[in-house]
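I opened this notebook to record what I looked up in one model. The sequence and structure come before the entries.

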Amino acid sequence: MIYWTPLDLDAVFEGWDDVQTNLLETEYDGLLLQVEPLEQGKARVVRLISGNPMDYLRPDLAPGSVISY
Amino acid sequence: MDSSVQDFYNQEIAPAEPAPVPEIAPMGKKRKQGKLENIKELGQIEIPSPPNHIHFVSIVGQIEGHLTLPPQNKTTKYEHIIPQLIAVEQNPQIEGVLMVLNTVGGDVEAGLAIAEAISSITKPTVSLVLGGGHSIGVPVACSANYTFITESATMTIHPIRLTGLVIGVPQTLDYLDKMQDRVVNFIVAHSKCSQDTFRELMFRTGELARDIGTVVLGSDAVKHGLIDEIGGVAQAVRKLEQMIEERKGGGKLH
């Protein structure tokens with residue numbers, strides 16, 4: 001892996017060990033999503049898994065957006 | 001104190017009505033919920049959008065590679081950007097791409113992947129460097145058909161480095177050299193900057209406090225041929241619109 005940045009790599013990789021791995025796969029609107037569960041049936045999208053490139057243009061499925069499932 | 005002011009302070013304050021709890025919309029009302037979410041999370045209302053023929057790509061923070069970075073990093077995820085660019089190529093409603101960069105670099109492979117995807121799109125692409133486009137941000141900025149940088153923006157050009165275990169053998173240097181060539185060749189092929197100028201900028205000493213290399217200011221980036229023109233949002237959008245018109249009229253991309 002080659003990381004090329006003027007930032008201090010210690011700052012970039014700080015907290016590397018305690019990255020949480022509590023991720024779920026869920027179906028939302030007929031599409032498979034990898035999400036990080038939040039409170040009350042909500043989840044933050046981590047990754048969209050779809051073979052249709054048009055799905056990636058949907059702002060509600062972008063990584064970081066919150067969905068109810 | 002004026003009596004009316006005193007009255008104002010002495011009046012009994014009616015207990016405030018409890019704020020209405022926003023109903024959580026069921027799945028079917030996604031749009032409405034999205035608006036609510038926008039207000040709650042970003043403090044912004046949704047602006048009604050006219051049909052847009054420009055796709056906007058923003059490259060921010062670190063360009064994330066094959067490992068997920070810890071959450072203090074703002075990241076650009078290639079696994080989302082690349083399918084978007086494929087959709088842009090396919091979708092007849094999208095006629096051009098505007099890419100805005102404010103990035104501190106990141107993974108070489110992911111950065112090159114995004115850069116190659118942008119450069120191989122047949123629709124007009126314009127990039128604009130705002131703030132900074134450092135390290136691997138340089139080839140990403142160069143990948144568009146036409147490139148802009150703001151006067152105050154900078155680009156840090158410095159040698160690439162290896163992270164993790166480095167074995168002290170001559171092959172390590174060869175490998176590093178090869179990786180560096182990938183980046184340099186891409187930049188030279190997609191900008192007006194010559195191989196010699198770029199390598200000179202990359203290996204210059206005495207400019208960076210803890211590294212060798214150069215911080216190239218907006219106007220210098222244009223002078224060295226890395227970027228086509230100094231400009232901001234308006235210039236970038238106007239250029240893209242113009243390129244879209246030229247393409248519609250059967251004109252050739254520059």
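The entries below go from confidence to a histidine, the cores and a helix.

**Conventions.** I note that this is a predicted model, in which local features need pLDDT of at least 70, side-chain atom pairs count only at pLDDT 80 or more, and totals for chains, interfaces and linings use all residues. Residues are numbered from 1 along each chain as its sequence is written, chains are lettered from A and ligands numbered from 1 in the order in which they are written, and side-chain values use heavy atoms, without hydrogens and water.

**Confidence.** I looked up pLDDT, the predictor's confidence in each residue from 0 to 100. Chain B averages 85, and 81% of its residues score at least 70. I took helices (H or I, at least four residues) and strands (E, at least two) as DSSP runs numbered from the N terminus. Among the elements of chain B, helix α1 (residues 3–10) has the lowest mean pLDDT, 63, and strand β5 (residues 146–149) the highest, 96. Over residues 21–29 of chain B, pLDDT stays under 50. Where pLDDT is low, the predicted coordinates should not be read in detail. The model scores ipTM 0.85 and pTM 0.79.

**B:H80.** I found B:H80 in helix α3 (residues 78–90) of chain B. I call a residue buried under 20% relative accessible area, exposed over 50% and partly exposed in between (1.4 Å probe, protein chains only). B:H80 counts as buried because its relative accessibility is 7%. Its side chain reaches the backbone oxygen of A:Y56 at 3.4 Å. Contact means heavy atoms within 4.5 Å; beyond four places in sequence, the contacts of B:H80 include A:L48, A:L61 and A:P63.

**Cores.** A nonpolar core is a set of buried Ala, Val, Leu, Ile, Met, Phe, Trp, Tyr and Cys residues joined through side-chain atoms within 4.5 Å. The largest has 45 residues, and B:F198 and B:L226 have the most contacts inside it. Helix α4(B) gives the largest share of this core, seven residues. Leaving out residues up to four places away in sequence, B:F198 touches B:L226 and B:V184, among others.

**Helix α6(B).** I compared the span of its 21 residues, expected to be 30 Å (1.5 Å times one less than the number of residues), with the 31 Å between its end C-alpha atoms, which agrees. Its buried residues include B:M179, B:V183 and B:F186. The buried residues lie on the same side of α6(B), because they cover an arc of only 155 degrees around the axis, taken from the directions from the helix axis to the C-beta atoms. The face turned away carries exposed residues, including B:D174 and B:K178.

Notes: A polar contact is a pair of N or O atoms within 3.5 Å; within protein, one must be able to donate a hydrogen and the other to accept it, and residues adjacent in sequence count only if both atoms are side-chain atoms.
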